[in-house]
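Have the sequence and the model open side by side for this one. We'll go through the contact between two chains, then a loop, and then the matter of confidence.

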Amino acid sequence: MKKIARLFKLLLLLGLIFPSLGTDPKISAEEDLRQRMKALREGNLLLEAERRLASKKGSYLVLDLRRNSGEGSAKLAIKNRGIVLRELSLLRYSLRKSKGFVFEPMALAQKGTFFPPKRKEIKPGKTDGAEESSGELDFLELKDMPTSYKLVFSETLFVSVGAAPQDLPSKVFHTVRSVVRHIFHSLVLIWSHIKGKEVAFIEITLAKEDAQALYWSSEIGMNILVIQ
Amino acid sequence: MIKKAILFPLVGLLLFLLGVELTASLLTTNGRSEASPEKVVPLHVLMEKNRILRKKITDLAPRGVYIVIDTGRNLLYLREGNRTLLQAVISSGSGSILRDPEGGRQWVFDTPRGEFEVKAKVTGPKWIKPDWAFIEEGEKIPKDWKQRVEEGVLGDYALGFGNGYFIHGTLYKRLLGRNVTHGCIRVGDEELSTLFKIARVGTKIYIF
């Protein structure tokens with residue numbers, strides 16, 4: 001009797017550890033097939049969207065928010081004709097979107113920053129060589145690009161880009177700004193819902209040089225494809 | 001009294017923010033939105049479509065070698081597929097503006113971005129100075145075109161990619177890695193020689 005009770009306990013334990021053992025293999029296979037077909041269907045939609053972008057002239061962005069998908073952390077790629085020109089690793093990201101918002105290729109409509117970089121005006125009579133010798137080189141370069149800015153795509157997708165804070169004051173500023181931005185986004189989401197518009201907010205943190213490189217490379221009209 | 005004057009608005013603000021946050025959380029998601037329901041398609045059809053789409057994208061990529069230019073970091077890559085054959089430090093467009101004091105003309109010295117191709121390969125190139133070069137130096141624009149020709153400033157080779165833009169050599173090697181040009185791409189002698197040997201007319205150039 002004791003032996004039977006022990007065997008029953010063992011079977012129960014095995015059932016808890018390996019719950020799939022108790023399920024019908026036919027149902028499990030069907031579920032696997034359904035998941036595989038769903039993944040393929042979604043993958044095909046993304047491939048179709050990228051094919052459309054790659055067949056046009058000009059570079060485009062692919063923001064891949066899938067984590068641990070075999071390719072490591074989330075990435076942002078600058079692409080042209082399907083080839084990766086440069087890939088930037090996202091240190092952090094957060095996403096909020098209206099229910100039902102579907103990511104489709106969207107064109108960059110606006111680049112917003114408090115301190116946009118300014119072009120230098122050349123004064124006639126002052127040449128390259130003269131400036132070089134006097135050490136007065138002052139051209140528009142990557143280091144002049146902002147590290148915190150907003151990219152607005154098709155008036156519905158708002159991507160806030162920021163560089164990882166280095167010291168304590170910037171960490172505090174970064175946190176306060178994130179909180180204020182979160183509240184503001186909440187208000188916009190409610191307002192958009194009232195107006196019957198769907199919006200999405202993505203906040204990404206990059207290394208300083210990568211944040212500047214993204215500002216440098218993004219041009220008005222450039223498309224983005226978000227993979228979630 | 002003062003405590004109440006501070007406390008009431010503060011509690012009101014907190015309740016308002018809580019309300020906003022709760023309402024927003026009901027209206028949002030950070031999950032994936034389901035694609036619109038499709039008619040049932042067999043697995044093999046989906047797999048075949050996937051293969052075709054991947055091939056279509058691959059077919060859009062350049063065949064053979066191609067050049068990638070990162071104007072932000074001032075780097076040039078000569079690539080074949082995913083393999084980098086050559087990496088070179090370059091100088092690209094300064095983004096500066098020049099206005100003609102005597103006319104309404106204006107130039108912005110940006111390196112153009114997008115997809116281009118090598119249109120011409122020139123050995124021992126001569127620079128035919130455009131109007132802006134004279135205006136920038138505060139000189140009069142010559143009437144005789146021979147006065148526009150300058151030798152030895154573009155290095156040993158030049159690869160033209162349209163609209164007067166070239167990948168060429170430079171006398172200002174100290175400035176490689178900086179954005180100092182009028183839109184052309186300046187490359188060091190050794191890398192330029194390799195690039196000139198490998199790239200052909202028709203080789204694709206991607207600038208970003």
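A salt bridge here is a side-chain nitrogen of Lys or Arg within 4 Å of a carboxyl oxygen of Asp or Glu. Keep in mind that this is a predicted model. With that cut-off in hand, look at A:Arg86 and B:Asp70: their side chains meet in a salt bridge, at 3.9 Å from N to O. That distance counts because the rule takes a nitrogen within 4 Å of the carboxyl oxygen. Across the interface of chain A and chain B, the rule finds six salt bridges. Polar contacts turn up there too, with 21 residue pairs across the interface, both partners at pLDDT 80 or more.

So which elements of chain A give two or more residues to the side that touches chain B? On the helical side of the list you have H2 (25–54), H3 (128–134), H4 (168–194) and H5 (208–217), and the strands are E2 (75–80), E3 (83–89) and E4 (92–98). H2(A) supplies the largest share, 15 residues. Sort the residues on this side of chain A by character and you get 24 nonpolar, 16 polar and 23 charged.

Now step back to the interface as a whole. Here 63 residues of chain A are in contact with 67 residues of chain B. About 5900 Å² is buried between the two chains, and carbon and sulfur atoms give 58% of that area.

Next, go to the loop of chain A between strand E6 (148–153) and strand E7 (157–163), where A:Ser154 has its place. What is the sign of phi at A:Ser154? It is positive, near 50 degrees, in a residue other than glycine. A:Glu155 is found in the loop between E6 and E7 as well, and its phi is also positive, at about 60 degrees, although A:Glu155 is not a glycine. Are these residues buried, or exposed to some degree? A:Ser154 is partly exposed, with a relative accessible area of 34%, and A:Glu155 is partly exposed with 44%.

Finally, how far does the predictor trust its own work? Chain A averages a pLDDT of 86, and 82% of the residues score at least 70. One stretch to treat separately is residues 129–135 of chain A, where pLDDT stays under 50. For these residues the model has nine contacts beyond four places in sequence. Compare that stretch with the interface list above, where helix H3 (128–134) of chain A is one of the elements giving two or more residues to the side that touches chain B.

Key
Residues are numbered from 1 along each chain as its sequence is written. Chains are lettered from A and ligands numbered from 1 in the order in which they are written. Side-chain values use heavy atoms; hydrogens and water are left out. pLDDT is the predictor's confidence in each residue, from 0 to 100. Contact means heavy atoms within 4.5 Å. Helices (H or I, at least four residues) and strands (E, at least two) are DSSP runs, numbered from the N terminus. Buried means under 20% relative accessible area, exposed over 50%, partly exposed in between (1.4 Å probe, protein chains only). Buried area is the accessible area (1.4 Å probe) that two parts lose on being put together, summed over both. A polar contact is a pair of N or O atoms within 3.5 Å; within protein, one must be able to donate a hydrogen and the other to accept it, and residues adjacent in sequence count only if both atoms are side-chain atoms. Ala, Val, Leu, Ile, Met, Phe, Trp, Tyr, Cys and Pro count as nonpolar, Asp, Glu, Lys and Arg as charged, and the others, Gly among them, as polar.
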